[in-house]
Amino acid sequence: MGFRCGIIGLPNVGKSTIFNAVTAAGAAVANYPFCTIEPNVGVVPVPDDRLLAIAALTKHEKVTPTVMEFLDIAGLVKGASKGEGLGNTFLGHIRDVDAVVHIVRCFDDPDVAHIHGAVDPRSDIEVVTAELILADLETCEKRINKARRQAKVGDKEAAKDVAYYGRFVESLGKGVPARQIPRDEKEIARRNELNLLTDKKVLYVANASDAELKTGNGYISQVEDLACDEGAEVITICGDMEAEIATLPEEERKEFMDDLGLAESGLSKLIKAGYKLLDLITFYTVAGPELRAWTVPAGTHAQKAAGKIHTDMERGFIRAEILRYDDFTSAGSVAAAKEKGLVKIEGRENVIHDGDIVYFRFNV
């Protein structure tokens, strides 16, 4: 399936409301059928104006957008790293996602109790982060203890492991999330294998009341200040309002948002932000009866991108015929673009760019 974002946060911050609104809206947008893989996993299409523009020119009857998975992870409580609440289940689910969407309560409502008695976004974020750091610290300490035992019996590589894991133990012990520890490009695979919870990219979502969606409030400012310190992104949405929008027929949504002065729904912003957070790009295939968008990480080579469609394409890759999106729309068709010499023949090491329309030649 696609790339997965885990939605986390304390209980009663609007996490499930936002998840339910995302998946309900996703079912109607771009005519993509909503799919529930598990009770708490939703698959939603990535909003894509280019896909619609291509479809208008190619007249494909079947149009398939690229998708993202959102996993609604059980609310975390203090002590989760020691098994409190759903502790281990919560932490295990986070290990399975590519990035984290952290919902932070930024509204007052006497009818919705706050687990700690008062709304305090900075403190709420710190509670969640601290639990994830403690879990990561335990992971690294286990690794370093094992490496020390192996080093004592003369394993030279284990001695290097002690130093490697020691960097993480030192920083995590100071309360620094792993994602803020500098990356060595030579150690990416090794670091990914470690799969630390705080090494995952994070997007903060300030869940505000509809009245303060535009004006902002002190709570939202707290989230923005903390995210700025971390180099993270923040978007502000109103979960209750998004849930209401999601229940409307598609043709009424734009009118509803226009009345509110919103250019796009917060959920559309959330999906796009998640896509951007993971540094993903979209390319398209138009051959055959289906027009389809595909998701790959930025910097993906043509042969690897071919494997996204089918492993046989990657294994038997010959070349890629690539047409830039702007060239396609200006030409009006693939045939016209070919006549103008706009379709480029590229090899396996060519990097696929966002918006490329690609036809892969292969032989197995």
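Two strands count as paired if DSSP finds at least two bridges between them, and with that in mind the tour of this predicted model can begin at a strand with two such partners.

**First stop: strand β1**

Select residues 3-8, which form strand β1. All 6 of the 6 residues in this strand are buried, so β1 is largely enclosed by the rest of the structure. In a regular strand the side chains alternate between the two faces of the sheet. Here F3, C5 and I7 point one way while R4, G6 and I8 point the other way, and the residues of both groups are buried.

Now add strand β6, residues 99-105, to the selection: this strand runs parallel to β1 and is joined to it by 4 bridges. Then add strand β5, residues 67-72, which also pairs with β1 in the parallel sense, over 5 bridges. A useful residue to centre on is G6, which stands opposite L71 in β5 and opposite V100 in β6.

**Second stop: the loop after β6**

From β6, move into the loop between this strand and helix α4 (121-152), where H114 has its place. H114 is buried, since its relative accessible area is 12% and the cut-off for buried is under 20%. Show the side chain of H114 and look for its polar contact with the side chain of D124, at 2.9 Å; a polar atom of the H114 side chain also lies 3.3 Å from the backbone oxygen of A118. Leaving aside residues up to four places away in sequence, H114 touches R105, V119, D120 and D124.

Next select D108, which is placed in the loop between β6 and α4 as well. Is D108 buried or exposed? With a relative accessibility of 57%, D108 counts as exposed, because the threshold for that class is over 50%. Its side chain and that of Y219 are joined by a polar contact of 2.9 Å, and, when residues up to four places away in sequence are not counted, D108 touches V119 and Y219. Add S209 to the view: although D108 and S209 are 101 residues apart along the chain, their C-alpha atoms are separated by 8.0 Å.

**Last stop: helices α8 and α9**

Finally, select residues 239-247 and 250-260, which are helices α8 and α9, and turn the view until both axes can be followed; they lie 9 Å apart, and the helices pack at an angle of about 145°. The crossing of α8 and α9 is right-handed. To see the contact itself, show M241, E244, I245 and A246 in α8, which meet R253, F256, M257 and L260 in α9. The residues of this contact divide into 6 nonpolar and 2 charged, with no polar ones.

Methods: Residues numbered from 1 in each chain as written. Predicted model: local features only at pLDDT ≥ 70, side-chain atom pairs only at ≥ 80, totals over all residues. Heavy atoms only, no water. Buried < 20%, exposed > 50% of the residue type's maximum accessible area, 1.4 Å probe, protein only. Helix = DSSP H or I, 4+ residues; strand = E, 2+ residues; numbered from the N terminus. Axes fitted to C-alpha atoms, helices over the stretch in contact; angles between N-to-C directions. Left-handed = near helix turned anticlockwise from the far one by under 90°. Contact = heavy atoms within 4.5 Å. Nonpolar A, V, L, I, M, F, W, Y, C, P; charged D, E, K, R; others polar. Polar contact = N/O pair within 3.5 Å; in protein donor to acceptor, adjacent residues only side chain to side chain.
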